[in-house]
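Thanks for coming. I have one structure to go through today, and I will keep it short. Please have a look at it on the screen.

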Amino acid sequence: IRRQRQMCIRDRAIVNPSLSDARFMHTIGTIYTRMDKLEDAQVVIEKSLQIKQNALVENDLEVIVGSIQLGLLYKKLALYKKSEEQLLTAIVAMQKHQDSDLSQLAYAHNHLGNLYKKIHVYDKAIAQHLAATALREELGDKKLLADSYNNLGVIYLLQLKYKEAGQYINNALVLYETQYGEFHPFVGIAKSNMSRIVEGTTYDFVQAEKYLLEALGVFKKAYGTDHYNTATLQVNVMSFYNRRMEYKKALDFYNENSETMIASLSLIHISEPTR
């Protein structure tokens with residue numbers, strides 16, 4: 001009898017789902033996303049948002065959060081047009097909201113900027129990250145502000161606009177060091193990016209090498225010597241020496257670190273946090 005009752009309750013929820021059902025689906029969708037079960041996540045998150053849209057006004061915070069969540073999921077699924085539509089919908093709805101959550105609004109701008117960066121629409125990416133930066137400056141959240149500075153710096157760096165990149169990455173580095181301490185991975189990311197900027201602007205290769213080795217030291221401290229991120233940065237160090245035609249340094253560095261460098265399969269530069 002108990003089992004039959006549970007089935008009846010479940011069936012009613014499917015036929016006539018409530019807001020409670022939608023909230024539960026939202027939670028399940030988040031769990032599926034974190035487990036990388038993206039197709040399962042898509043089913044429940046889309047259903048959750050549909051229920052909320054039918055039951056609530058368009059600028060209700062629950063609808064907005066659902067749109068953001070679905071937009072991020074679509075980005076993971078490489079459904080970029082759908083992702084853009086959901087994030088833009090969330091931003092417009094939040095801007096109409098009397099009690100707009102500025103932190104959530106900045107979050108949406110930030111992730112829309114990351115989407116545009118992903119598809120190489122850099123002017124739109126910059127506009128969205130500037131919007132997120134302005135909100136985070138207003139809110140005074142220095143950790144998230146540092147992320148926005150770094151995100152802007154990376155976009156300029158991708159376009160080889162080293163001057164603009166340097167201003168933002170340096171601002172991010174200062175905040176990361178004051179907010180997290182000198183051995184946090186974000187500090188290593190910023191120093192790695194600063195190495196590339198210095199190499200591309202002032203051609204101060206001594207300073208560029210210093211930033212790069214400091215970044216490696218941070219990663220070893222934060223991740224250990226056998227972590228993929230550490231190994232990737234070791235490959236970047238050797239590549240730096242190779243570009244400088246300092247072949248002896250490159251070989252010596254390789255011989256000292258070959259066991260961990262083998263773990264890295266590409267020359268991907270670690271670039272930014274995405275919050």
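I will go through the nonpolar cores, then one helix, then the largest pocket, and end on a single residue. Keep in mind that this is a predicted model.

Cores to start with. The largest nonpolar core is made up of 53 residues. Within that core, I68 and Y176 have the most contacts. Which helix gives the most to this core? That is α8, residues 142-158, with eight residues. Another core lies apart from this one, with 12 residues, including A22, A41, L49 and I51. As background, nonpolar side chains in soluble globular proteins tend to be buried together.

Now a closer look at I68. If we set aside its neighbours within four places in sequence, the contacts of I68 are L87, A90, M94, Q104, Y107 and A108. Please remember Y107, as that residue will return with the pocket.

Next, helix α9. This helix covers residues 162-180, 19 residues in total. From first C-alpha to last, α9 reaches 25 Å, close to the 27 Å expected at 1.5 Å a residue. Which residues of α9 are buried? They are A165, G166, Y168, I169, A172, L173, L175 and Y176. Y176 you have already met, as one of the two residues with the most contacts inside the largest core. On spacing, a general point: an α-helix has 3.6 residues a turn, so residues three or four places apart point the same way.

What covers the buried residues of α9? The cover includes α7 (122-139), α8, α10 (185-201) and α11 (205-223). Just after α9 comes G181, with a positive phi of about 100 degrees.

On to the largest pocket. The space in it comes to about 510 Å³. It is lined by 17 residues, and those closest to its centre are L72, L73, K76, Y107 and H111. So here is Y107 again, which is also in contact with I68. Helices α2 (19-34), α4 (61-76) and α6 (102-118) each supply at least two lining residues. Of the helices, α4 gives the most to the lining, with seven residues. Sorted by class, the lining has five nonpolar, eight polar and four charged residues.

Last, Q207, which lies in helix α11. Is Q207 buried or partly exposed? Its relative accessible area is 25%, and buried would mean under 20%, so Q207 is partly exposed. Q207 and S195 are 12 residues apart in sequence, and their C-alpha atoms are 7.4 Å apart in space.

That is what I have. I am happy to take questions.

Technical notes. Residues are numbered from 1 along each chain as its sequence is written. This is a predicted model: local features need pLDDT of at least 70, side-chain atom pairs count only at pLDDT 80 or more; totals for chains, interfaces and linings use all residues. Side-chain values use heavy atoms; hydrogens and water are left out. A nonpolar core is a set of buried Ala, Val, Leu, Ile, Met, Phe, Trp, Tyr and Cys residues joined through side-chain atoms within 4.5 Å. Buried means under 20% relative accessible area, exposed over 50%, partly exposed in between (1.4 Å probe, protein chains only). Helices (H or I, at least four residues) and strands (E, at least two) are DSSP runs, numbered from the N terminus. Contact means heavy atoms within 4.5 Å. The expected span of a helix is 1.5 Å times one less than its number of residues. On a 1 Å grid over the protein atoms alone, a cavity is a set of points where a 1.4 Å probe fits but cannot get out, and a pocket is an open set with protein on both sides within 12 Å along at least five of seven lines; lining residues have an atom within 4 Å of a point. Grid points are joined across faces, edges and corners, and a volume is the space filled by probe spheres set on the points. Ala, Val, Leu, Ile, Met, Phe, Trp, Tyr, Cys and Pro count as nonpolar, Asp, Glu, Lys and Arg as charged, and the others, Gly among them, as polar.
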